[in-house]
Amino acid sequence: MNNTRKFTFFKYQGTGNDFILVDNRQNFFPRKDKKLIRSVCERKFGVGADGLILLENDTRFDFKMVYYNSDGNESTMCGNGGRCVVAFAKLLGIIGPETVFMAVDGKHKATIVDDVVTLQMIDVTNIRETGKYFYLNTGSPHHVQLVPDLDKLDVHKEGAKIRYGIYGEEGSNINFVTQNDSGLFDVRTYERGVEGETLSCGTGVTAVALAMHRSGKTKKEKVKIKTVGGNLEVSFLASNGNYTDVKLIGAAKMVFKGEMEW
């Protein structure tokens with residue numbers, strides 16, 4: 001007897017941070033099957049992605065986002081993934097140009113115009129500064145550290161050293177930052193759960209923008225960030241060390257649609 005099952009997936013990317021998206025409103029996907037999620041995200045034998053996102057029904061909002069890292073574990077908020085799932089919901093006809101959806105860190109508002117998604121992130125009221133780095137939570141935990149030679153940095157090696165050395169098994173995402181001659185910020189990120197460098201990290205870019213404002217490196221409330229995978233913007237309102245109305249802005253694009261067996 002053939003027990004093979006199939007599911008349709010969509011591949012999306014936001015500044016090179018790539019995700020497998022599945023319409024799980026019928027609750028068919030085996031959410032606890034870490035092996036399946038790892039295999040789908042595996043780049044040589046699977047579809048290949050930094051993470052997998054399930055779009056599910058929600059009783060109060062337009063939909064719910066459930067995010068898994070490529071290691072198969074359900075994780076904290078993913079900013080680029082959030083932008084991609086908004087574009088996916090628009091493709092499915094669930095939403096129009098505006099939406100409110102639920103994620104692991106609470107509700108998120110978003111708008112989409114063409115392929116540009118503006119995603120409201122959580123407010124940030126606590127930024128820890130040590131003199132060497134900043135630590136804050138933008139939906140996921142982030143370490144932000146200025147470095148002199150970003151292009152030459154071994155992000156995998158140095159990121160892993162900090163991720164485990166300072167933050168232990170639970171870990172943190174590690175962002176390395178350089179301010180370039182035009183005043184913009186170049187960022188490279190080591191992501192926990194992926195356990196390596198990704199081309200972009202939405203919550204990481206958000207953390208960098210807020211940390212650089214806190215440090216005085218910029219006085220602007222709309223900060224342009226350059227990642228390996230492309231450019232993003234973060235806007236916010238700053239008052240007495242608190243950051244509200246935080247928004248992550250950038251393109252989210254479908255790469256392809258496919259079918260996979262398990």
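Where is the place of E98? E98 sits in strand 5, which covers residues 98–103. Keep in mind as we go that this is a predicted model. With a relative accessible area of 59%, E98 counts as exposed, because the cut-off for that label is over 50%. If we ignore neighbours within four places in sequence, E98 is in contact with D62, A110 and T111. Take T111 from that list: 13 residues separate E98 and T111 in sequence, yet their C-alpha atoms are 4.4 Å apart in space.

Let's step back to the whole chain. The protein has four helices and 17 strands. Its C-alpha atoms fill a box of roughly 65 × 40 × 30 Å along the principal axes. For 262 residues, a compact globule would have a radius of gyration near 18 Å, and the protein's 18 Å agrees with that. Of the contacts with a separation of 6 or more, 60% come from residues 24 or more positions apart. Buried residues account for 52% of the 262. As for the outside, the accessible surface comes to about 12,300 Å², and carbon and sulfur atoms hold 47% of it.

Now for the inside. In soluble globular proteins, nonpolar side chains tend to be buried together. Here the largest nonpolar core has 49 residues, and M65, F101, L136 and V144 have the most contacts inside it. Helix 4 (residues 202–215) gives the most to this core, supplying seven residues. V144 is a good spot to look around from: beyond its neighbours within four places in sequence, V144 touches Y133, F134, L136, N175, V177, A207, V208, A211 and M212. There is also a second, separate core, made of 16 residues, with F7, I37, A49 and V66 among them.

Next, the rings. How many aromatic pairs does the count come to? The answer is ten. One of them joins F19 and Y67, edge-to-face, with 6.1 Å from centre to centre and 70° between the planes. F19 belongs to strand 2 (residues 17–23) and Y67 to strand 4 (residues 64–69), so this pair ties together parts that lie 48 residues apart in sequence. Both F19 and Y67 are buried.

F28 and F29 make another pair: their ring centres are 6.4 Å apart and their planes meet at 75°, so this one is edge-to-face too. The two rings' residues get different labels, though: F28 is partly exposed at 35% relative accessibility, while F29 is buried at 4%. Ring pairs also link F28 and F29 with F7, F9 and F256 into a cluster. F7 is the residue already met in the second core. Elsewhere, a charge joins in: the charged end of R163 sits over the ring of Y164, 4.0 Å from the ring's centre.

Finally, a look at the backbone. Most residues other than glycine have a negative phi. T15 is not a glycine, but its phi is positive, at about 45°. D114 isn't a glycine either, and its phi is also positive, at about 55°. Where do they sit? T15 is in the loop between strand 1 (6–14) and strand 2, and D114 is in the loop between strand 6 (106–113) and strand 7 (116–120). Buried or exposed? T15 is buried, at 8% relative accessibility, whereas D114 is exposed, with a relative accessible area of 75%.

Note on methods:
Residues are numbered from 1 along each chain as its sequence is written. This is a predicted model: local features need pLDDT of at least 70, side-chain atom pairs count only at pLDDT 80 or more; totals for chains, interfaces and linings use all residues. Side-chain values use heavy atoms; hydrogens and water are left out. Rings of Phe, Tyr and Trp (its six-membered ring) pair if their centres lie within 6.5 Å; planes under 30 degrees apart count as stacked, over 60 as edge-to-face and the rest as tilted. Helices (H or I, at least four residues) and strands (E, at least two) are DSSP runs, numbered from the N terminus. Buried means under 20% relative accessible area, exposed over 50%, partly exposed in between (1.4 Å probe, protein chains only). A charge sits over a ring if NZ of Lys or CZ of Arg is within 6 Å of the ring centre and within 35 degrees of the ring normal. The radius of gyration is taken over C-alpha atoms; the globule rule is 2.2 Å times the number of residues to the power 0.38. Contact means heavy atoms within 4.5 Å. Accessible areas come from the Shrake-Rupley method with a 1.4 Å probe; for residues, only the protein chains shown count as cover. A nonpolar core is a set of buried Ala, Val, Leu, Ile, Met, Phe, Trp, Tyr and Cys residues joined through side-chain atoms within 4.5 Å.
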